Amino acid sequence: MEELLAQIAAGKFAPVYVLSSEHPILIDRIVAALRDAVVPPALRAFNYDVIEGKPSAQRIVNMAQTLPMMATKRMVYIRDLAGLPTDESDALLDYFASPNPSTVLLAVTSKLDKRLKLYATLGKKGWLHVLTAPRQLAPWVRAEAAARNVKMDAAAISRLLDAVGDDLSRIAVTIEQLGLFAGDRPVAVADVDELVADTRERSVFELTDALGTGSLPGALAAVHSLCDQRESAVGVVAMLARFVRQMAGVHQARAQGAAKSELPTRLGVPPFVVDKVIAQARLYSPSALAATTRALALADRALKGDPTLDPADPGAGG
């Protein structure tokens, strides 16, 4: 994404851009950067067209072929290319073969299937951009905070990521809120705890953090919070089981000589969480985790009223 923004800032425009991402904030930033660079505000009434709703290939091509007025470039923005009827894609493919050099055609797609000829062609031409979150979120948070003149230390950043997760849009909004909340002073961990709502996600992180540090009072408090939020006991057991499996996965990966880079996929966690899970796993031996897994299996079946429950055999009844 940074490379794409740099090209736009340098005035190096492609004739077509198609964006796809799970993070709306990334799309919004590319759209804004491209619009601002291609069409000055004073000329947007003449040289900036937006296609809402279900797009028509003929309408897209007609707009793209229109010459700019009192400018060298114009821009056509399609809010969702996914709505284009499949039988109309050939008209766009014909346009892609010889696009109008004075038009920048920008489209966002909510559904991306690279098997379709339309998206395969865009990919081959280098016009398809799948925007992904950075592998390491802490540097991204620091950059976001700096851009807003918000001071955050490493502990506050870590707590923010624990509380909010990897939703980039929510992280950005929360950073702005934290900046207003803290004012001129640096944002502290207590500010994050005070400002961020007591959501299920936060309680889950508090539960795993407490278990990871061996804090029984903290774990019980987090479970109490989850119950207050009407989280079912079965759901809490499932969360605990997932966390235990992750820690067991660390031991298994280590025994198999797996590289640290493999752990996000093997454990099913974002890369920025891996170091924390490794540290938490150090407190528990593989045998302790196996015993905990058996206890959780028993609890799960008891909560579900399994009539075949046999305390001596956690595998029974399933």
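Which residues is M152 in contact with, leaving aside its neighbours within four places in sequence? The views below start there. The model shown is predicted.

**View 1. M152 and the largest nonpolar core.** Leaving aside neighbours within four places in sequence, M152 is in contact with V141, A145, I157, L160, I175, L178 and V187. M152 belongs to the largest nonpolar core, which has 65 residues. Together with L81, F96 and I171, M152 is among the residues that touch the most other members. Helix α2, residues 24–38, gives the most to this core. Its share is 7 residues. Another core lies apart from this one. That second core has 26 residues, including L226, V237, V250 and V274.

**View 2. The aromatic cluster of Y95, F96 and W127.** How many aromatic pairs are there? The count comes to 2. In one pair, the ring centres of Y95 and F96 are 6.4 Å apart. Their planes meet at 65°, so this pair is edge-to-face. Both Y95 and F96 are buried. F96 also pairs with W127, again edge-to-face. Here the centres are 5.9 Å apart, with 75° between the planes. The pair of F96 and W127 links distant parts of the chain, 31 residues apart. F96 sits in helix α5, residues 89–97. W127 sits in the loop between α6 (117–125) and β5 (128–131). Both F96 and W127 are buried.

**View 3. Helix α12 and its two faces.** Helix α12 runs from residue 216 to 228 and has 13 residues. From its first C-alpha to its last, α12 reaches 18 Å, close to the 18 Å expected. Which residues of α12 are buried? They are A219, A222, S225 and L226. These four cover an arc of only 120° around the axis, which puts them on the same side of α12. In general, an α-helix has 3.6 residues a turn, so residues three or four places apart point the same way. The face of α12 turned away from the buried side carries exposed residues. They are L216, P217, L220, H224 and D228.

**View 4. The two ends of α12.** At the start of α12, a side-chain oxygen of S215 reaches towards G218. That oxygen comes to within 3.1 Å of the backbone nitrogen of G218. R230 follows α12. The phi of R230 is positive, near 65°.

**View 5. A210 in helix α11.** Helix α11 spans residues 200–213 and includes A210. Is A210 buried or exposed? A210 is buried, because its relative accessible area is 7%, under the 20% cut-off. Not counting residues up to four places away in sequence, A210 touches S215, G218 and A219. P55 is 155 residues from A210 along the chain. The C-alpha atoms of A210 and P55 are separated by 51 Å.

**View 6. Two loop residues with positive phi, M70 and N149.** Most residues other than glycine have a negative phi. M70 has a positive phi, near 55°. M70 lies in the loop between α4 (57–65) and β3 (74–78). M70 is exposed, with a relative accessible area of 63%. The phi of N149 is also positive, near 60°. N149 has its place in the loop between α7 (137–147) and α8 (154–164). N149 is exposed, with a relative accessible area of 71%.

Technical notes. Residues numbered from 1 in each chain as written. Predicted model: local features only at pLDDT ≥ 70, side-chain atom pairs only at ≥ 80, totals over all residues. Heavy atoms only, no water. Expected span 1.5 Å × (residues − 1). Buried < 20%, exposed > 50% of the residue type's maximum accessible area, 1.4 Å probe, protein only. Arc of directions from axis to C-beta. Polar contact = N/O pair within 3.5 Å; in protein donor to acceptor, adjacent residues only side chain to side chain. Core = buried A, V, L, I, M, F, W, Y, C linked by side-chain atoms within 4.5 Å. Contact = heavy atoms within 4.5 Å. Phe/Tyr/Trp six-rings, centres within 6.5 Å; stacked < 30°, edge-to-face > 60°.
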